[in-house]
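I opened a new page for this protein and wrote down what I looked up, entry by entry.

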Amino acid sequence: MSSEEALGSTITDWLFVNSWWLLLPFIMLLVVVAFIVAFVLLLYMISPLISPKPLKLNGAHVVVTGGSSGIGKSIAMECYRQGAFITLVARDEAKLLQAKKEVETFAINDKQVVLCISVDVASDYNQVESVIKQAQEKLGPVDMLVNCAGMSISGKFEEIEVDRFKKMMEVNYLGSVYPTRAVITTMKERRMGRIMFVSSQAGQIGLFGYTAYSPSKFALRGLAESLQMEIKPYNIYVTVAYPPDTDTPGLAEENKTKPLETKLISETSGVCQPEQVAKIVVRDAVQGNFNSSVGPDGYMLAALACGMSPVTSITEGLQQIVTMGLFRTIALFYLGSFDSIVRRCMIQREQSKAADKRE
């Protein structure tokens, strides 16, 4: 073999060997893509086995605490519109009777009933258990419980009276524990049911001014996650709703004492109507979805805060996996903006104080 032929053969061998190295990343990419496609197809094949069967509201008994106004009343209207029997629970009897009249206008048949019960769901468990029993005797076992009773206060940590922290936990947390505890045994016996906890976006992210409110709403998620693991084998599904600022009497009352920083941060997202929120959260509860969010901001927060929370939809899980990095990047800009708002307000306040002293 001539030296030229030997050199040509060597070059050919070198190109052949190195071409495999050049192709290796593409081959690995194809293998990864094939694995992902196969994994997704497998998940979709088994998804009917793990997704809950939707609850039919027509003829169902739905109990709504905090049902005399705001989101609670709108949820009652939405369920009644779909044929449910409603028990409204709240403290103010006059507001309850007015809400009853409004809900009844959405009836789709003559058999539907709206029952009103006046009780403080956060004060005494035995009393709550008693009124829930009365409701079940009149309208049948509870098919869906909506825990919407709650209140909100905002202010700087050191300016909020200490007893208000206790009040927040009693109303927003125990006010959901008690009704849930009262219906859970019957739901287990029947091996069916839905339980909704109406939290807040302030139950996903802690913000300036909500040192009393946010913890009471964060607590609902811990309760919901633990409870879902206990009752899922009984075909009972929990939904945690995270509505944004919503145009309700509660928000109007909160705005009277809301710090400037909190107002400016809240203005970065819009205000929803309670009817819009009700449609979304009722749909998610009926489907058995664990998380229920409203709007683009809500969707992003739900993905960011999902952590170890359960999923009842393969699509939901895949979306969380795919969008986590992007949403975290966007969230960092939001957090930077919030910190900037707080700093500007502090500087303006200090400058104002200095100007007052000079005068």
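The entries below go from the whole chain to single helices, loop residues, cysteines and a pocket.

**Entry 1: the whole chain**

I noted before anything else that this is a predicted model. I then looked up the secondary structure and found eleven helices and seven strands. The protein has 359 residues, and 44% of them count as buried. I also looked at contacts between residues at least 6 apart in sequence: 75% of these join residues at least 24 apart.

**Entry 2: helix H2**

I picked H2, which runs over residues 70-81. How far does H2 reach from its first C-alpha to its last? I read 17 Å for its twelve residues, close to the 16 Å expected at 1.5 Å a residue.

I then checked burial. H2 is mostly covered, with eleven of its twelve residues buried. Charged residues are on that list as well: Lys73 and Glu78 are buried, and both count as charged. Other buried residues of H2 include Gly70, Ile71, Met77 and Cys79. After the helix comes Gly83, and its phi is positive, near 100°.

**Entry 3: helix H9**

I turned to H9, residues 274-287. Its 14 residues should span 20 Å at 1.5 Å a residue, and I found its end C-alpha atoms 20 Å apart, so the two values agree.

The buried residues of H9 include Pro274, Ile280, Asp284 and four valines, Val277, Val281, Val282 and Val286. Which elements do the buried residues of H9 pack against? I listed H2, S5, S6, S7 and strand S4 (144-147). This ties H9 to the helix of the previous entry, since H2 is among those elements. Just after H9, Gly288 takes a positive phi of about 85°.

**Entry 4: helix H6**

H6 covers residues 213-231, which makes 19 residues. I expected a span of 27 Å at 1.5 Å a residue and found the end C-alpha atoms 28 Å apart, which agrees.

I wrote down part of the buried set of H6: Tyr213, Lys217, Leu220, Arg221, Leu223, Leu227 and Ile231 are among them. The cover over the buried residues of H6 includes helix H5 (162-190), strand S5 (193-198) and strand S6 (236-242).

**Entry 5: the loop between S5 and H6**

I looked up two residues here. Ser199 is placed in the loop between S5 and H6, and Thr211 has its place in that loop too. Are they buried or exposed? Ser199 has 4% relative accessibility, under the 20% limit, so it counts as buried. Thr211 is partly exposed, because its relative accessible area of 33% falls between 20% and 50%.

Setting aside residues up to four places away in sequence, I found Ser199 touching Lys217, Leu220, Val240, Ala241, Tyr242 and Pro243. Lys217 and Leu220 are also buried residues of H6.

Thr211 has another set of partners: leaving aside neighbours within four places, it is in contact with Gly155, Phe157, Ile160 and Phe165. I checked one of these pairs along the chain. Thr211 and Ile160 are 51 residues apart in sequence, and their C-alpha atoms are separated by 8.9 Å.

**Entry 6: positive phi outside glycine**

Most residues other than glycine have a negative phi. I therefore noted the exceptions I came across. Arg191 has a positive phi of about 55° and is not a glycine; Arg191 lies in the loop between H5 and S5. Asn235, also not a glycine, has a positive phi of about 65°. I located Asn235 in the loop between H6 and S6, and its relative accessible area of 36% makes it partly exposed.

**Entry 7: cysteines**

How many disulfides are there? I counted zero, with the limit set at sulfur atoms within 2.5 Å. I checked two cysteines for burial: Cys272 counts as buried at 13% relative accessibility, and Cys306 counts as buried at 7%.

**Entry 8: the second largest pocket**

I recorded a volume of about 280 Å³ for the second largest pocket. It is lined by 14 residues, and Asn291, Ser293, Tyr299, Glu316 and Gln319 lie nearest its centre.

Which elements each supply at least two residues of the lining? I found H9, strand S7 (291-293), helix H10 (295-304) and helix H11 (314-358). H11 gives the largest share, five residues. By type, the lining divides into three nonpolar, eight polar and three charged residues.

Technical notes:
Residues are numbered from 1 along each chain as its sequence is written. This is a predicted model: local features need pLDDT of at least 70, side-chain atom pairs count only at pLDDT 80 or more; totals for chains, interfaces and linings use all residues. Side-chain values use heavy atoms; hydrogens and water are left out. On a 1 Å grid over the protein atoms alone, a cavity is a set of points where a 1.4 Å probe fits but cannot get out, and a pocket is an open set with protein on both sides within 12 Å along at least five of seven lines; lining residues have an atom within 4 Å of a point. Grid points are joined across faces, edges and corners, and a volume is the space filled by probe spheres set on the points. Buried means under 20% relative accessible area, exposed over 50%, partly exposed in between (1.4 Å probe, protein chains only). The expected span of a helix is 1.5 Å times one less than its number of residues. Contact means heavy atoms within 4.5 Å.
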